[in-house]
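Here are some short exercises to work through with the model open beside you. Try each task before reading its solution.

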Amino acid sequence: MSGVEQKVIASFAIVPRELIAFAIPGGAAMGPLDAWPVPERYTLLSYMFFHSDIFHLGGNMLFLWVFGDNVEDAVGHLKFLVFYILCGIAAGLAHAAMMPTSHIPLIGASGAVAGVI
């Protein structure tokens with residue numbers, strides 16, 4: 001992955017230190033890894049749609065397909081989508097709460113998928 005790609009992904013990733021510092025008052029943190037100043041509260045949604053490689057994406061989709069299919073059948077499409085997004089937001093907040101001083105960007109839907117499971 002090139003440096004430009006890493007900077008774009010870091011812009012949309014959750015960086016716990018930046019999330020805690022900027023999400024509540026609003027605004028965007030322009031960290032050293034960021035290419036664009038994305039408001040930190042939006043990263044709670046955007047981080048779920050970026051993955052490190054095809055294997056990361058494939059693993060998440062496999063588990064979501066195997067386990068999430070039954071949940072979606074039980075609750076319906078719209079409720080499942082809302083539940084999935086809420087699980088992802090909760091996972092991002094939990095990660096930030098456990099590592100509040102971390103500068104390491106978090107990407108991927110693993111937390112949302114784990115919440116569905």
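**Exercise 1.** What should the 22 residues of H4 span at 1.5 Å a residue, and how far apart are its end C-alpha atoms?

*Solution.* First, some ground rules: this is a predicted model, where local features need pLDDT of at least 70, side-chain atom pairs count only at pLDDT 80 or more, and totals for chains, interfaces and linings use all residues. Residues are numbered from 1 along each chain as its sequence is written, and side-chain values use heavy atoms, leaving out hydrogens and water.

Step 1: helices are DSSP runs (H or I, at least four residues), numbered from the N terminus. Step 2: the expected span is 1.5 Å times one less than the number of residues, which gives 32 Å for H4. Step 3: the end C-alpha atoms of H4 are 29 Å apart, which agrees.

**Exercise 2.** Find where H4 bends, and by how much.

*Solution.* Step 1: take the angle between axes fitted to the seven residues ending at a residue and the seven starting there. Step 2: at glycine 68, this bend is about 45 degrees.

**Exercise 3.** Which residues of H4 are buried?

*Solution.* Step 1: apply the cut-off for buried, under 20% relative accessible area (1.4 Å probe, protein chains only). Step 2: His56, Asn60, Leu64 and Gly68 are the buried residues of H4. Step 3: look for their cover, counting contacts as heavy atoms within 4.5 Å; it includes helix H5 (77-98) and helix H6 (110-116).

**Exercise 4.** Inspect the residue just after H4.

*Solution.* Glycine 76 takes a positive phi there, of about 100 degrees.

Terms used
Helices (H or I, at least four residues) and strands (E, at least two) are DSSP runs, numbered from the N terminus. Buried means under 20% relative accessible area, exposed over 50%, partly exposed in between (1.4 Å probe, protein chains only).
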